Amino acid sequence: MAENTTNAVMFHSTRSNSKTYTSKQAIRRGIAEDGGLFVTDCLGETRYNISNIVGKSYKQIAKDVLQILLPDFTSSELDECVENAYGDQWEDCEVTPLKQLGTNNDFVLELFHGPTCAFKDVALQILPQFIRCSKNASDSSQNVMILTATSGDTGKAALAGFANVEGTSMVTFYPEGKVSKIQELQMTTQSGSNVKVCAVRGNFDDTQSSVKQIFTNDSINESIKNNNNALLSSANSINIGRLIPQVVYYFYAYSKLVERGSIKLGDEVEFCVPSGNFGNILAGYYAKMLGLPVKHLIVASNSNNVLFDFLVSGTYNKIRPFHQTVAPSMDILVSSNLERMLYYMCNKDTRLLQMLMNDLQQWGAFEVPEDVLSKIRELFGCGWANEDQIRDSIKECWNKHNYVIDPHTACGYFVMSHIPHDSSVPRVLLSTASPYKFPRVVCESLGLNVEGLDDFACMDLLERKTSTNAPKMLSELKNKTARFNDVINVEDMPDYVLKCANEIC
């Protein structure tokens with residue numbers, strides 16, 4: 001499985017290494033006290049031996065990868081976590097099946113076969129298991145209260161993972177009117193006595209920034225700890241326990257390419273990843289650090305192309321127009337996980353990271369040194385798609401390959417189709433959501449008449465015209481009644497969290 005295995009893996013903030021934590025402690029805390037993200041300086045010291053990867057199931061590869069990255073979890077704990085996370089709740093026994101796209105050397109890794117039909121399920125089915133295992137004798141009675149900001153998919157995936165999980169409660173915030181109707185219904189109809197859902201007047205960045213501020217607010221944390229015996233934590237990809245499980249499917253995709261004869265062990269592969277908060281593609285960077293032969297990681301953005309501009313210029317500038325697009329889960333201007341990548345690319349210089357993040361907070365922008373940008377460009381490529389290009393890509397993918405993709409995957413399809421590459425190197429496009437989460441946009445893109453149709457009628461139309469099937473968990477939303485209808489201003493989020501703590505902790 002692994003080489004040079006060590007149990008001395010400790011985590012600390014990207015902005016300071018003065019305090020260290022085990023992986024269990026880091027997962028339970030979610031975010032560092034100084035607002036930084038948890039990282040380990042041991043990343044890459046232990047590498048996955050890919051010579052033993054062929055023929056392994058998703059669960060087997062997951063156990064191998066997680067044992068490397070989370071060594072203070074026992075083997076039996078990880079066995080139980082993996083078994084509970086990747087069982088009958090997945091509609092495909094492969095969990096993340098790999099499909100060939102036409103006759104070229106291009107493939108699609110389908111990450112949407114979990115209970116909420118989005119890639120977030122891969123991590124958010126196992127994160128509650130990690131948190132359950134992270135308890136120790138001294139805090140066995142302490143509840144963990146999860147706060148999450150979502151641009152559409154994280155919220156429902158987290159709700160599905162944490163609903164009625166003993167010892168946990170959860171509050172999900174989403175930007176009012178800036179998620180699809182299906183995404184909103186998935187959240188507002190969620191069952192569970194330990195969950196709350198609330199819309200926020202603003203965009204995702206407003207919502208995410210407020211959640212981060214709540215995590216680092218000593219008064220709120222002390223109040224919830226003393227009055228509700230709870231610890232605040234996160235289910236967003238700022239939590240290292242959200243990020244690490246996503247590393248697994250990069251290795252799984254590689255194993256499938258070897259099994260089908262598309263590559264030989266040791267051959268390089270490229271991955272194209274629709275990216276908003278940078279977590280999904282950062283997992284690919286972690287996989288490369290663990291020894292996966294990754295030649296390039298291609299960042300695909302929508303019109304909110306702050307990542308594209310950064311990778312081209314070295315300047316990250318969030319002071320720009322915010323675009324509400326047909327790919328709402330990528331409508332993000334502050335990509336939190338970029339901070340983790342920068343930490344490693346900046347030679348683990350916490351002082352530099354602190355300066356960059358201070359500049360972002362104070363001035364809305366930062367610029368990395370030229371040598372750092374050169375290192376980043378060696379691995380990361382980039383591109384972006386506007387609204388028309390997204391729609392055209394959905395239509396083109398269907399017409400050329402008889403394959404239906406959602407708007408986020410379409411961003412990746414467009415970029416992958418237009419960026420230069422070595423045709424001998426296989427490319428894997430990460431498909432992040434079921435097209436049935438966005439049936440109206442997909443139908444319109446395919447030239448179907450949706451006038452007068454609601455989203456569920458659009459689902460029916462898409463089924464008929466493409467001979468595909470809507471996931472049952474989405475089509476059944478039609479008959480569900482919303483449980484949650486709260487709408488608040490951004491500045492009211494802290495008080496809302498305290499109110500929820502009294503109700504569900």
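**Entry 1. Cavities**

I began with the largest cavity of this predicted model, which holds about 260 Å³ of space. I listed its lining and got 23 residues. Phe119, Lys120, Gly276, Asn277 and Ser329 lie nearest the centre of the largest cavity. Sorted by class, this lining has 13 polar residues, seven nonpolar and three charged.

I then counted the cavities of 30 Å³ or more and found five. The second largest cavity has a volume of about 100 Å³. Its lining is made of 11 residues, and those nearest its centre are Val9, Cys42, Leu43, Ile68 and Leu69. I noted six nonpolar residues, four polar and one charged in the lining of the second largest cavity.

**Entry 2. Largest pocket**

Next I turned to the pockets. The volume of the largest pocket is about 490 Å³. I found 18 residues lining the largest pocket, with Arg15, Ser209, Lys212, Met357 and Gln361 closest to its centre.

Which helices each supply at least two residues of this lining? I wrote down helix 8 (204-215), helix 14 (338-345) and helix 15 (350-363). By class, I recorded seven polar, six nonpolar and five charged residues in the lining of the largest pocket.

**Entry 3. Second largest pocket**

I looked up the second largest pocket, where about 390 Å³ of space lies. Its lining counts 14 residues, and Arg29, Glu33, Phe215, Asn221 and Leu231 are the closest to its centre. Helix 9 (218-228) and strand 11 (230-234) each give at least two residues to the lining of the second largest pocket. Helix 9 gives the most, four residues. I sorted the lining of the second largest pocket into six nonpolar, five charged and three polar residues.

**Entry 4. Asparagine 229 and asparagine 402**

I followed the chain from helix 9 towards strand 11 and stopped at asparagine 229, in the loop between the two. Asparagine 229 is not a glycine, yet its phi is positive, about 50°. I checked its exposure: the relative accessibility of asparagine 229 is 34%, so it counts as partly exposed.

I looked at asparagine 402 as well. Its phi is near 55°, again positive in a residue other than glycine. Asparagine 402 sits in the loop between helix 17 (387-401) and helix 18 (407-418). Is asparagine 402 buried or exposed? I read a relative accessible area of 55%, and asparagine 402 is therefore exposed.

**Entry 5. Nonpolar cores**

I went on to the buried nonpolar residues. In soluble globular proteins, nonpolar side chains tend to be buried together. Here the largest nonpolar core has 114 residues. I noted the members that touch the most others: Phe130, Tyr250, Phe251, Phe271, Tyr286, Phe366 and Phe380. Helix 11 (residues 248-259) contributes the largest share of this core, nine residues.

I picked tyrosine 250 and listed its contacts, leaving aside neighbours within four places in sequence. Tyrosine 250 is in contact with Phe271, Val273, Asn280, Ile281, Ala283, Gly284, Ala287, Leu292, Leu297 and Leu430.

I also found another core apart from the largest one, with 43 residues. Tyr403, Met416, Cys443 and Leu448 are among its members.

**Entry 6. Cysteines**

How many disulfides does the structure hold? I counted zero.

I asked why cysteine 117 has no bond to the closest cysteine sulfur. That sulfur belongs to cysteine 443 and is 16 Å from the sulfur of cysteine 117, so the gap is too far for a bond. Cysteine 117 has 1% relative accessibility and therefore counts as buried.

I repeated the search for cysteine 500, which is in no disulfide. The nearest cysteine sulfur to it is that of cysteine 198, 7.4 Å away. I put the cut-off for a disulfide beside this value: the two sulfur atoms must be within 2.5 Å. Cysteine 500 counts as buried because its relative accessibility is 0%.

**Entry 7. Glutamine 89**

I closed with glutamine 89, in the loop between helix 3 (75-85) and strand 6 (98-100). Glutamine 89 has a relative accessible area of 25%, so I entered it as partly exposed. Not counting residues up to four places away in sequence, glutamine 89 touches Asn84, His113, Gly114, Pro115 and Gln125.

I also checked the separation of glutamine 89 and isoleucine 263, which are 174 residues apart along the chain. Their C-alpha atoms are separated by 31 Å.

Key: Residues numbered from 1 in each chain as written. Predicted model: local features only at pLDDT ≥ 70, side-chain atom pairs only at ≥ 80, totals over all residues. Heavy atoms only, no water. 1 Å grid on protein atoms, 1.4 Å probe; cavity = no way out; pocket = protein on both sides within 12 Å on 5 of 7 lines; lining within 4 Å. Points joined across faces, edges and corners; volume = space filled by probe spheres on them. Nonpolar A, V, L, I, M, F, W, Y, C, P; charged D, E, K, R; others polar. Core = buried A, V, L, I, M, F, W, Y, C linked by side-chain atoms within 4.5 Å. Buried < 20%, exposed > 50% of the residue type's maximum accessible area, 1.4 Å probe, protein only. Contact = heavy atoms within 4.5 Å.
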